[in-house]
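Biologist: I am new to this structure and would like a close look at a single part of it. Please take the place where two helices pack side by side, and then set that place in its surroundings.

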Amino acid sequence: MDKVLIVDYEKKNLEKARQGFKDMHHFELLTAGSVKMAVELLQKNRISVVALDIHMPGNDGLELIAYMTRKFPSIPIIVILDEDDPRPWFSERASHTGVLYYISKPFSFGRLASAIFVGLNLRDEGL
């Protein structure tokens, strides 16, 4: 079964994702509240898609993207931005970073789910 990792330091967003995906049996949902926890999960599990908050205390999402680009370049990444954030400077080079989508907070569960399913389909097709 596919595993999807959502990384966000805001517990309410992780709980929202858990509740939304609770009745869906298409993949196993893993969550992490920090970059350190996300790295541990990436090393111990075969992750299919990662959705991550780009602004996190301590190590931020950019460091996790850089790590994933080096160690797990085939995993699609969905970047979660704060409501008023512009797209990051690297968004013009998204194909080089593995970033599939950018979604802004507050995001709907449906938008996150759609992005995850696109990532799973692309991964299944070897793209």
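Modeller: What follows goes from the whole chain to one pair of helices, and then to some residues around that pair.

The model is predicted. The protein holds 5 helices and 5 strands, and along the sequence they come in the order β-α-β-α-β-α-β-α-β-α. Of its 127 residues, 45% are buried. Among contacts with a separation of 6 or more, 64% join residues 24 or more positions apart. About 7100 Å² of the protein is exposed, and 51% of that area comes from carbon and sulfur atoms.

The part to look at is the pair α2 and α3. Helix α2 covers residues 35–44 and helix α3 covers residues 61–71. Two packed helices are described by the angle between their axes and by the distance between those axes. Here the axes come within 10 Å and cross at roughly 20°. Angles under 35 degrees count as roughly parallel, and α2 and α3 are therefore roughly parallel to each other. The crossing of α2 past α3 is right-handed.

Which residues of α2 and α3 meet? From α2 they are Val 35, Ala 38, Val 39, Leu 42 and Gln 43, and from α3 they are Leu 64, Tyr 67 and Met 68. Sorted by class, this contact has 7 nonpolar residues, 1 polar residue and no charged residues.

Two residues outside these helices touch members of that contact. One is Val 7, which lies in strand β1, residues 2–7. Val 7 has a relative accessible area of 0% and is buried. Not counting residues up to four places away in sequence, Val 7 touches Ala 38 and Leu 64, and its other partners include Ala 32, Ser 34, Val 50, Leu 52 and Met 56. Ala 38 and Leu 64 are also among the residues through which α2 and α3 meet. The C-alpha atoms of Val 7 and Met 37 are separated by 8.7 Å, with their places 30 residues apart along the chain.

The other is Phe 72, in the loop between α3 and β4. Its relative accessible area is 22%, so Phe 72 is partly exposed. Leaving out residues up to four places away in sequence, Phe 72 touches Leu 42, Gln 43 and Tyr 67. Leu 42 and Gln 43 belong to the α2 side of the helix contact, and Tyr 67 belongs to the α3 side. Phe 72 and Ile 47 are 25 residues apart in sequence, and their C-alpha atoms are 9.2 Å apart.

A second helix pair can be set beside this one. Helix α1 (residues 11–21) and helix α5 (residues 109–124) also have axes that come within 10 Å, but these cross at roughly 75°. That angle makes α1 roughly perpendicular to α5. The contact is formed by Ala 17, Gly 20 and Phe 21 of α1 with Phe 109, Leu 112, Ala 113 and Ile 116 of α5. By class, the contact of α1 with α5 has 6 nonpolar residues, 1 polar residue and no charged residues.

In short, α2 and α3 are roughly parallel, Val 7 touches Ala 38 and Leu 64, and Phe 72 touches Leu 42, Gln 43 and Tyr 67.

Note on methods: Residues numbered from 1 in each chain as written. Predicted model: local features only at pLDDT ≥ 70, side-chain atom pairs only at ≥ 80, totals over all residues. Heavy atoms only, no water. Axes fitted to C-alpha atoms, helices over the stretch in contact; angles between N-to-C directions. Helix = DSSP H or I, 4+ residues; strand = E, 2+ residues; numbered from the N terminus. Parallel < 35°, antiparallel > 145°, perpendicular 65-115°, else oblique. Left-handed = near helix turned anticlockwise from the far one by under 90°. Contact = heavy atoms within 4.5 Å. Nonpolar A, V, L, I, M, F, W, Y, C, P; charged D, E, K, R; others polar. Buried < 20%, exposed > 50% of the residue type's maximum accessible area, 1.4 Å probe, protein only. Areas by Shrake-Rupley, 256 points an atom, 1.4 Å probe, with all protein chains shown as cover.
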